[in-house]
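Me: Please take a close look at the ligand site in this model. Describe what surrounds the ligand and the pocket it occupies, then cover the backbone details worth checking by eye.

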Amino acid sequence: MTDTLTIVKHPLIQHKLTEMRDKSTPPAQFRRLLRQISFLLAYGATEDLDLTTRKIETPMEKGDFPALAGRNLCLVSILRAGNGLLEGMLDLVPEARVGHVGLYRDHDTLEAIEYYFKVPEAIEERQVFVVDPMLATGHSASAAISRLKNAGARHLTFICLLAAPDGARALAEDHPDVPIYTAALDRELNEKGYILPGLGDAGDRIYGTA
Ligand code: URA
C-alpha cells in the first residue's frame, strides 16, 4: 500500500476490532474495547521510541537501567472521536501532554474545517502522536497534521483504528514523513466517505448519538 503504513495485526486487536464492528455492540462496550485496542496500538506505535539509561538502586545493588530518552510525548486527539483512542493511550503513557484539534467534515465537499486548536507548549521538541479512529478520506488527518506542523511540530506519528486505502494514500502523499499505524486496512469508502466494511460513525458508536 504505502511505505508509511503499518498494520498492527496482533490477534487480540483483531478479535476486539471484530466486536467493535458488530453493530449490536452497545456504546459502553464499544468504548471499553476502543480503550483496550488503543492501549495495544500505542504499544506497537511506540516500539521505536529512543531509550537511554538511568542510574537507580534496586534493593540489591546500583546500576544503569533503560528509560525513555529525549522528546517528551504529546498525544493529539482529533475531536471528537479521537478522544476514544486517547484514553487507552494515556493509560500507557500517563505523563504525556495532550492537545486537541477540532475539525468537522463539510458534508458536501468532505473537506475538514477547523473550529478548535490547543496544543502544549514546545510542540517542536515533542514526539507527537495524532489519534483519530477512522482514516477515511484523509482530509481531517492531513489538515490536522499540517496545522500541527505550522505550529512547529516536527516529529509526528498518526494512529487510527481503521484506514481506507484512499485515506492512507492521501495522507502518505501529503505527509510522507509521518508513519501511520492502524489495526486494519479496509476495502473502500462509500459515496459519503464512510469506510466499508468499517464500523459506522465512530463518534456516534462511542457516545451513543446515532
Ligand atoms: N468517520 C467515521 O466515523 N466513520 C467512517 O466510516 C468514516 C469517517
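**The ligand site**

Reply: A backbone N or O atom of Ile195 lies 2.7 Å from an oxygen atom of the ligand. The model is predicted, and the distances here are computed from it. Gly200 also approaches through its backbone, with an N or O atom 2.8 Å from a nitrogen atom of the ligand. At Ala202, a polar backbone atom is 2.7 Å from an oxygen atom of the ligand. On its own the ligand would expose 230 Å², and the protein buries 89% of that area.

The shell around the ligand consists of Arg105, Met134, Ala136, Gly193, Tyr194, Ile195, Gly200, Asp201 and Ala202. By class, this shell has five nonpolar, two polar and two charged residues.

The ligand occupies the largest pocket. That pocket holds about 620 Å³ of space. Its lining comprises 25 residues, and those closest to its centre are Ala81, Arg105, Asp132, Ser140 and Asp201. Arg105 and Asp201 also belong to the shell around the ligand. Several elements of secondary structure each give at least two residues to the lining: strands β4 (73–79), β5 (97–105) and β8 (134–135), and helices α4 (139–150) and α6 (202–207). The lining divides into 13 nonpolar, eight polar and four charged residues.

The second largest pocket has about 400 Å³ of space. It is lined by 17 residues, with Leu49, Ala69, Arg71, Leu73 and Gln127 the closest to its centre. Nine of the lining residues are nonpolar, four are polar and four are charged.

Now the backbone. Most peptide bonds are trans, and most residues other than glycine have a negative phi. Against that background, three places can be inspected. The peptide bond between Leu79 and Arg80 is cis, with omega about -5°. Arg80 sits in the loop between β4 and α3 (82–92), and β4 is among the elements that supply the lining of the largest pocket. A second cis peptide bond runs from Leu196 to Pro197, with omega near 0°. Pro197 is placed in the loop between β14 (195–196) and α6. Ile195, whose backbone is 2.7 Å from a ligand oxygen atom, falls within β14 (195–196). Finally, Ala122 is not a glycine, yet its phi is positive, about 55°. Ala122 lies in the loop between β6 (112–118) and β7 (127–131).

How values were computed:
Residues are numbered from 1 along each chain as its sequence is written. This is a predicted model: local features need pLDDT of at least 70, side-chain atom pairs count only at pLDDT 80 or more; totals for chains, interfaces and linings use all residues. Side-chain values use heavy atoms; hydrogens and water are left out. A residue is near a molecule or strand if one of its heavy atoms lies within 4 Å of it. A polar contact is a pair of N or O atoms within 3.5 Å; within protein, one must be able to donate a hydrogen and the other to accept it, and residues adjacent in sequence count only if both atoms are side-chain atoms. Accessible areas come from the Shrake-Rupley method with a 1.4 Å probe; for residues, only the protein chains shown count as cover. On a 1 Å grid over the protein atoms alone, a cavity is a set of points where a 1.4 Å probe fits but cannot get out, and a pocket is an open set with protein on both sides within 12 Å along at least five of seven lines; lining residues have an atom within 4 Å of a point. A molecule sits in a cavity or pocket if more than half of its atoms lie within 2 Å of its grid points. Ala, Val, Leu, Ile, Met, Phe, Trp, Tyr, Cys and Pro count as nonpolar, Asp, Glu, Lys and Arg as charged, and the others, Gly among them, as polar. Grid points are joined across faces, edges and corners, and a volume is the space filled by probe spheres set on the points. Helices (H or I, at least four residues) and strands (E, at least two) are DSSP runs, numbered from the N terminus.
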